[in-house]
Amino acid sequence: MHGHEWDATDAAGPAPGGASVRLDGHRLVPLATALLQEDGLILHWSEDAEALLGYPADEAVGRYAAQLLTARTDRPEVFALFERIMSGKGWSGVFPVRHRDGHVVELEFRTYPIAGPGGTLLLLATASDTQALHRVEADLAVLDGIFGQSPIGMAVYDTDLRYVRLNGALARMNGVPVEEHLGRRISVVLPGINSSEIEQTMRQVLTTGRPVVDARSHGRVPGDPRRDRAWSASYFRLEDSTGRVFGVCSSIIDVTERFQAEARAARAQERLTTIAEATARIGTTLDLQRTAEELIEAVVPRFADFATVDLLEPVLRGAEPTAIPEDRSVQLRAVAVGESYESGLALAVDTVGEVSEYAPDRSYTQCLRSGRPLLRARVDEDVLRGLVATEERVAPGMEAGIHSYLMVPLTARGMVLGGSEFIRMRNSEPFTDADVALAEELVARTAIAIDNARLYRRERETALTLQRSLLPQEIHRTLGLEIAYRYLPSSMTSEVGGDWFDVVPLSCGRVALVVGDVMGHGIRAAATMGQLRTVARTLATLDMPPEQVLTRLDETASGIGEGQFATCICAVYDPLERTVQVASAGHLPPVSVAPDGTARRIDVPPGVPLGVGGVAFESIGFTLPEGGMLALYTDGLVERRGHDLDDGIDLLARTLSGPGRTLEENCDAVLGALVTDGTDDDIAMIMARVLPLPADRIATLPLTGGGRLPGTARRFTRATLDGWGLSALSDYAELLVSELVTNALLHADAPRRLRLFRDRVLTVEVADTGGQTPQLRPFAEQDEGGRGMFLVNELAQRWGSRLTRDGKVVWAELELPFGIV
């Protein structure tokens, strides 16, 4: 925490109703206000406070600020500061405050102790988001730079045609200080010129939105009251992206001397046109190389015959650039090169992708180190030798006709990212200081866009790495089922999404296939996806049926945070029965394909998205025959703007019905048919095809008859394992089988079946008609029974049970000997 104190009588506090920081009448930054009792109880909470911290007024009012907004460890410091403030001193400074969703917001505070009803002491506090304030400061800095560096007069007028802002160049031209313009109309500030015609032109611009270029004005100004002068002005309307009109902007040049005036007007018009077009062109994407190319397109051939953009190697890697040491050379990679005609100069510079190294004493290196432009209005062989990276580039440059050179460093956030070179050959005019100012404006905009692209690339790669790390890194082999999958991040949005899939191996060779889609994009969606996927995997491994998995997953989604919704589909496949149990939470229906290629949607009860809460889910079951296929997917695969969602699902089904393809080929065919122009959303897709079960992997014994069943089951187990080459496990397996069958005889209605299944482990399962799952119960030494499940727990690597439609199955697993699969 940092800040300072002042006497509460030094400044009047704002009204408790809330306010906002404003610039020129337009709201920029929310200004939260709160009114507190002497004990810290909140009495008033503004709308901006709700926007900044997430707490609505009905949650905040009546609670103590320290408990609501700070971590427990910060409260002693908060209480001490509050006591000091309430002693009669105000306080301002920056303090971290906890948002309703848990993250920390840095707020800049001002506090005002005030007298309440009956002489009670109250505290009025105002706060703004420091990041928002910094953004405003950055925007103002850019605006100040444009106004301060422009060699021509510039002014901004409101919709009543009163001066809102102007630069020093215009103030000097008029001979009137800047402050005497503000809030007044031209007719008041400059009564000696044809102000009515000027204002008529500006009203036309306001009404129609069409700019006016080279509007002439004339008269006398206070700065030169004895001589008539003439000016050329250009006007354009100021409006935001929603079409709301703020006013008019003008650029003015003195054209008193006819010949000089015409030349100035032509150059100014050209510069303004270049700025306007470049402003609309540069930075249209978050692609680093494309942004550099946009600068080249904006300046060639209008401003230069030849131009390049070179970036430092760390910038291209996404790293933060650092200051260039005095004693080290610098390496730059060519990112964009352009020329207005085939001059041969392209042979003397780096092609895109090549790297040049400049020694510490080269002019180029010194220019980058200083961050200031390098102008060589006249270039001869000696000058060019000091500019190029190597001596062999001097002769080709002179042969191409270089006569004027300008280099401007690309600087953003005080860091040099690289440099942009501008060269004139056929254009006989040398670069001037005005050209330098124009180039700096264009390069500055490009540098900001390139830096944003660099940061975006780094952040997106980080986010994608995080997202991919949350997805399955390896799909375990599943006996009786071939699985293929695809995951494609969106090619249209700038943020990562929340699509996920999972393949969860379960007991007795079963497998759960899960596909989900968190609504929205960004790090929060990806984090929610990771939480839901982890919980879904955990729930599935507990042998829960799909509808129960979704019910518990819905509870998890509801607890993550308000507004976090997701769709999900969960299917459990049993390779021994070749059955599928599937349940949906607002997800798109799966598509099944019969062995003959007939494809159809599976009508699963749709359910509601996860996070809605309080709604039961249903599952259905069906058989998937040998050679049959099942496809689960997210909406990014089948949803396209302007097309019905059912059309996409139908196209998916038709594509999957194609004969003679492997599962991997099916995945590629689906993406080729449905993803033709990129995708607006992420895509997750799983395909599973039923394979024949090897005869030496499964053995089944019906359990019928009386009390000799444990012995029969033991003999069957030993004979089966001997035949499988697993005699080393026979003793353990016999004990497990004996205990499980005996337990079924004692505690269930009747055992029905013993099954041995060999996959990654050896699974022993006993099915019975009872509905009560076995439990580990304490027993005394003198008890004659009760030790069966304890013995199973000691012998088995893992054991458990699951309910079925006609009873239950109790299973236990043994590790296979090393080298046997």
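# Notebook: looking through a predicted chain

I began at aspartate 214, which sits in strand S10, residues 212–221. I was working from a predicted model. The phi of aspartate 214 is near 60°, a positive value in a residue other than glycine. I noted this since most residues other than glycine have a negative phi. I then looked up its cover: aspartate 214 has 32% relative accessibility and counts as partly exposed.

**Entry: a second positive phi**

I found another case at leucine 161, where phi is near 65° and the residue is again not glycine. Leucine 161 belongs to the loop between strand S8 (153–158) and strand S9 (163–166). Is leucine 161 buried or exposed? Its relative accessibility is 2%, and because the limit for buried is under 20%, leucine 161 counts as buried.

**Entry: what leucine 161 led me to**

Leucine 161 turned up among the residues that glutamate 199 touches. The others I wrote down are Arg185, Ile186 and Ser187, with residues up to four places away in sequence not counted. Glutamate 199 is in helix H8, residues 195–208. With a relative accessible area of 6%, glutamate 199 is buried.

**Entry: a cis bond**

I checked the peptide bonds next. Which two residues does a cis peptide bond join? They are valine 300 and proline 301, with omega about 5°. I marked the place, as most peptide bonds are trans. Proline 301 lies in a loop, with helix H10 (288–299) on one side and strand S13 (306–312) on the other.

**Entry: the chain as a whole**

I stepped back to get the totals. The chain has 821 residues, and buried residues make up 48% of them. Its secondary structure comes to 22 helices and 33 strands. The exposed area is about 38,900 Å², and carbon and sulfur atoms supply 51% of that area. I also looked at how far along the sequence contacts reach: of the contacts with a separation of 6 or more, 62% are between residues 24 or more positions apart.

**Entry: salt bridges**

Side chains of opposite charge can pair when their charged atoms come close. How many salt bridges does the count come to? I have 40 in my notes, and I followed some of them by hand.

The pair I opened to begin with was arginine 229 and aspartate 224, whose closest N and O atoms are 3.1 Å apart. Arginine 229 has 16% relative accessibility and counts as buried. Aspartate 224, at 21%, counts as partly exposed. The two fall on either side of the cut-off, because buried means under 20% relative accessible area. Both belong to a network of salt bridges that links Asp224, Arg227, Arg229 and Asp254.

I then turned to arginine 385 and glutamate 391, whose side chains meet in a salt bridge with an N to O distance of 3.1 Å. Arginine 385 is partly exposed at 25% relative accessibility. Glutamate 391 is partly exposed too, with a relative accessible area of 46%.

The next pair was arginine 601 with aspartate 646, a salt bridge of 3.1 Å, N to O. This one links distant parts of the chain: arginine 601 is in strand S25 (residues 599–601) and aspartate 646 is in helix H18, 45 residues apart. Arginine 601 has 27% relative accessibility, which counts as partly exposed. Aspartate 646 has 36% and also counts as partly exposed.

**Entry: helix H18 and its partner**

Aspartate 646 had brought me to helix H18, so I stayed there, because I wanted to see how the helix packs. Helix H18 (residues 645–656) packs with helix H19 (residues 663–674) at an angle of about 140°, and their axes are 9 Å apart. On the H18 side, the contact is made by Gly648, Leu651, Leu652, Thr655 and Leu656. On the H19 side, Asn666, Ala669, Val670, Ala673 and Leu674 make the contact. I sorted the contact residues by kind and got 7 nonpolar, 3 polar and no charged. The crossing of H18 past H19 is right-handed.

**Entry: one exposed aspartate**

Last, I looked up aspartate 433, which is in helix H15, residues 433–470. Is aspartate 433 buried or exposed? Its relative accessibility is 62%, and because exposed means over 50%, aspartate 433 counts as exposed. I also noted its place relative to alanine 377: the two are 56 residues apart along the chain, and their C-alpha atoms are separated by 9.4 Å.

Methods. Residues numbered from 1 in each chain as written. Predicted model: local features only at pLDDT ≥ 70, side-chain atom pairs only at ≥ 80, totals over all residues. Heavy atoms only, no water. Axes fitted to C-alpha atoms, helices over the stretch in contact; angles between N-to-C directions. Helix = DSSP H or I, 4+ residues; strand = E, 2+ residues; numbered from the N terminus. Left-handed = near helix turned anticlockwise from the far one by under 90°. Contact = heavy atoms within 4.5 Å. Nonpolar A, V, L, I, M, F, W, Y, C, P; charged D, E, K, R; others polar. Salt bridge = Lys/Arg side-chain N within 4 Å of Asp/Glu carboxyl O. Buried < 20%, exposed > 50% of the residue type's maximum accessible area, 1.4 Å probe, protein only. Areas by Shrake-Rupley, 256 points an atom, 1.4 Å probe, with all protein chains shown as cover.
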